[in-house]
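Please open the model in the viewer and keep the sequence panel visible. The tour below proceeds by successive selections.

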Amino acid sequence: MEESIENQNLLAQVHSEFGGEKIDIKTYSPLTLAYIGDAIFEVIIRTLIVERGQRAASVLHKHTTRIVCAQTQAKMIDALHDYLTQEEQDVYRRGKNAKVSSPAKNASLSEYRKATGFEALCGYLFLKKETARIVQLIRQALEITQIEL
């Protein structure tokens, strides 16, 4: 229990150690939210994969990239959409509809937009210090889509 409380305070620890302005996160662009959300999502997935057992770094990377990609994130958000609050749906929609400047590498534009929306939602929840909700949504998505780690 104590460990999870400490992890939930990562943002507070960063602010404490390095300073930081109190900015209303609702004013952040959806692509800024997606930028931090991408990192948060990847840390969670990497943690889950590493905790499955000791493996070569190349194997860990292969498992991670299979999940941390636009196709899988699009699949996950499609599975989650009905479980999101109205606020979460609004953040997702803003992220999905954001004008992206870089093309999708290995995904359709639709998948890429959905993934951007999902990452924006993860970033928004992280900046709101709602990491428990991010973990809950990721767990739910993994279960519904039957994605194996």
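Select Leu10, which lies in helix 2, a helix made up of residues 10-18. Bear in mind throughout that this is a predicted model. With a relative accessible area of 39%, Leu10 is partly exposed, because the partly exposed class lies between the limits of 20% and 50%.

Add Val14 and Phe18 to the selection and display the surface. Together with Leu10, Val14 and Phe18 form a nonpolar patch there. The accessible area of Leu10, Val14 and Phe18 together is about 310 Å².

Next, move to Lys22, in the loop between helix 2 and helix 3 (30-50). Is Lys22 buried or exposed? Its relative accessibility is 74%, so Lys22 counts as exposed.

Keep Lys22 selected and add Ile49. A separation of 27 residues in sequence corresponds here to a C-alpha to C-alpha distance of 34 Å between Lys22 and Ile49.

Now turn to the second largest pocket. Select Asp38, Ser102, Tyr112, Thr116 and Glu119, the lining residues that lie nearest the centre of this pocket. In total, 21 residues line the second largest pocket. Helix 3, helix 5 (70-80) and helix 7 (109-127) are the elements that each give two or more residues to this lining.

Finally, colour the lining of the second largest pocket by residue class: 12 of its residues are nonpolar, 6 are polar and 3 are charged. The space within the second largest pocket amounts to about 520 Å³.

Terms used:
Residues numbered from 1 in each chain as written. Predicted model: local features only at pLDDT ≥ 70, side-chain atom pairs only at ≥ 80, totals over all residues. Heavy atoms only, no water. Patch = residues over 30% accessible without salt bridge, like charges linked within 9 Å, V, L, I, M, F, W, Y side chains within 5 Å. Areas by Shrake-Rupley, 256 points an atom, 1.4 Å probe, with all protein chains shown as cover. Salt bridge = Lys/Arg side-chain N within 4 Å of Asp/Glu carboxyl O. Helix = DSSP H or I, 4+ residues; strand = E, 2+ residues; numbered from the N terminus. Buried < 20%, exposed > 50% of the residue type's maximum accessible area, 1.4 Å probe, protein only. 1 Å grid on protein atoms, 1.4 Å probe; cavity = no way out; pocket = protein on both sides within 12 Å on 5 of 7 lines; lining within 4 Å. Points joined across faces, edges and corners; volume = space filled by probe spheres on them. Nonpolar A, V, L, I, M, F, W, Y, C, P; charged D, E, K, R; others polar.
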